[in-house]
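Please open the structure in your viewer and keep the selection panel at hand. The stops below start at a single residue pair and widen from there.

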Amino acid sequence: MQTPFDNKSWQNDFFDQAHDLIQIVRPDGSILYVNNSWLNLMEYKQEEIQNKSLYAFIDKTDLDRYIQYRMDIINGLVSDTEIVFNLVSKTGKKISVEGFVSVKHKDDQPLYTMGIFRDITTRLINEAQLKKINKELLDQQQNLQQLLNNAPDAVIVINQDSRITFWNPKAEEIFGWESKEVLNQSLSKTIIPEQYREAHEKGMQRYLTSKVSTMLNKTIQITALNKAGLEFHISLTISPTYQNGELAFIAFLRNIESEMQSQLQLQHKSLELERINVNLEEFVYVASHDLKEPVRKIITFSERLKNRMNHKLDEDDRRFFQRLDNAAFRMNTLIEDLLKYSRVSAGERLMERINLNDKLQIVIEDLELEIQEKNAIINIDPLPVIYGNKRQIHQLFQNLISNAIKYHQAGIAPVINIKSVLRSKCDILNVPSDNSQGYVIEIKDNGIGFEAQYAKKIFNVFTRLHGNADYPGNCVGLSIARKVVENHQGLIWAESEPGKGSTFNIWFPLETS
């Protein structure tokens with residue numbers, strides 16, 4: 001059966017100029033004609049597709065559905081019904097099209113079908129992308145809503161009129177109002193105490209007119225009101241935001257009333273402890289000072305009695321007097337050490353720049369007799385300038401160097417090396433919270449050393465690791481050293497091993513004044 005498209009007269013008609021894809025197909029599916037838009041989009045020439053089956057150019061996933069649709073059109077079961085399916089181009093590219101198929105009859109027999117379609121590939125891609133974006137936005141909104149609803153802090157949003165537009169469950173818990181009770185209510189009439197309301201309103205107006213604010217994006221401590229009208233302390237952070245395209249303000253609030261109460265209690269206890277320490281230091285000073293005179297008299301009258309009775313004393317009597325003198329002198333030394341400890345604990349406030357090179361030379365001169373007696377060798381590298389109390393720093397290094405000389409190994413001359421290095425506080429403490437810089441002064445000796453387990457205990461008052469007969473003293477020197485370092489906001493620690501000497505390290509913060 002011949003159709004109007006079996007000759008070439010149709011090639012110049014308006015079909016070839018149409019933007020839509022037009023295809024003329026015999027009832028069996030073989031192609032009679034496709035227009036230029038169809039050819040260009042599918043990347044074919046007219047002669048390449050002539051008489052070929054249209055079904056060869058339809059994506060396999062859509063083929064059965066398209067065939068059924070076309071047969072329903074031919075058989076008159078449906079009409080004017082659009083279909084969306086995918087074509088496959090010469091290079092394998094999928095092209096989504098949308099349109100409809102109509103049928104032409106002659107003598108009640110289908111002559112051909114005409115399909116008119118438009119390329120909707122880009123539109124479908126955009127719709128899919130938009131759908132994805134909308135889903136992501138919806139997910140974000142749901143996640144944000146979930147986050148706000150389960151936030152550990154109260155979250156409140158107000159509009160430009162200071163009316164509440166959001167009130168999360170934590171806000172209900174902290175303030176006592178349910179969300180439905182406060183939505184669209186003025187913030188000033190709910191949680192802001194009366195003394196702050198005027199400042200709040202003026203601050204809002206100033207920001208809305210000039211975009212200047214001293215409150216936004218800062219965390220402050222202030223008081224708020226709950227539903228019962230009780231005022232309590234909160235931590236508050238406010239930031240500008242947008243809600244439904246309009247400027248709004250989001251506030252994060254936390255109830256810190258218990259923390260404030262704990263802080264006040266801690267301050268009271270700290271003041272009480274300070275008062276007790278001051279009283280204790282005064283007691284130690286007064287008691288030690290008052291004890292000096294009786295001890296001096298014991299020493300004086302013991303000496304007089306010994307001289308007066310010298311011709312009557314036998315060997316045992318002289319030994320008793322010697323023990324009495326030794327006990328009195330030890331008591332006198334102990335009292336002097338306690339006075340020193342008391343003065344250091346008082347924490348003198350006279351602070352100045354101290355050149356440790358000069359200070360160490362003075363200390364060495366004061367210890368000259370001990371150094372000569374033990375044939376001690378002291379090596380000092382260049383040392384920094386620190387900020388501190390000269391008398392206390394002198395006492396500190398005198399005690400540490402004297403200890404290093406005293407606790408030498410028998411038959412081995414003491415060798416003491418002193419040097420400094422710049423280190424951060426967090427490096428020493430192995431914590432990232434404090435990166436303060438300072439100098440570590442290292443005093444290393446070749447003495448008898450001690451077990452590592454005593455590295456902290458040796459700084460306690462009257463702590464003795466060795467016998468008094470071999471190493472006399474009252475064991476207050478290291479306690480004084482620790483107090484001096486504490487007064488200078490520094491750190492002190494010891495490292496040692498029996499028979500391999502000890503190293504005492506003192507960290508001083510960099511000069512700040």
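Select Ser-424 first, and then Gln-437, which is its bridge partner in E15. Residues are numbered from 1 along each chain as its sequence is written, and the model is a predicted one, in which local features need pLDDT of at least 70, side-chain atom pairs count only at pLDDT 80 or more, and totals for chains, interfaces and linings use all residues. Side-chain values use heavy atoms, with hydrogens and water left out.

Extend the selection to strand E14 (residues 415–424) and strand E15 (residues 437–445), which pair in the antiparallel sense over nine bridges; strands are DSSP runs of E with at least two residues, helices are runs of H or I with at least four, and both are numbered from the N terminus. Two strands pair if DSSP finds at least two bridges between them.

Now show the whole open sheet, whose five strands follow the order E12-E14-E15-E17-E16 with mixed pairing. Because strand E12 (377–380) and strand E16 (491–496) each have a single partner strand, they stand at the edges, and one side of each is left without a neighbour in the sheet.

Next, add helix H10 (residues 356–366), which lies across E12, E14 and E15 and runs at about 170 degrees to E12. Angles run from 0 to 180 degrees between N-to-C directions, with axes fitted to C-alpha atoms, for helices over the stretch in contact, where contact means heavy atoms within 4.5 Å. Helix H14 (residues 477–487) lies across E16 and strand E17 (502–509), at about 140 degrees to E16.

Finally, display the full protein chain, which has 14 helices and 17 strands.
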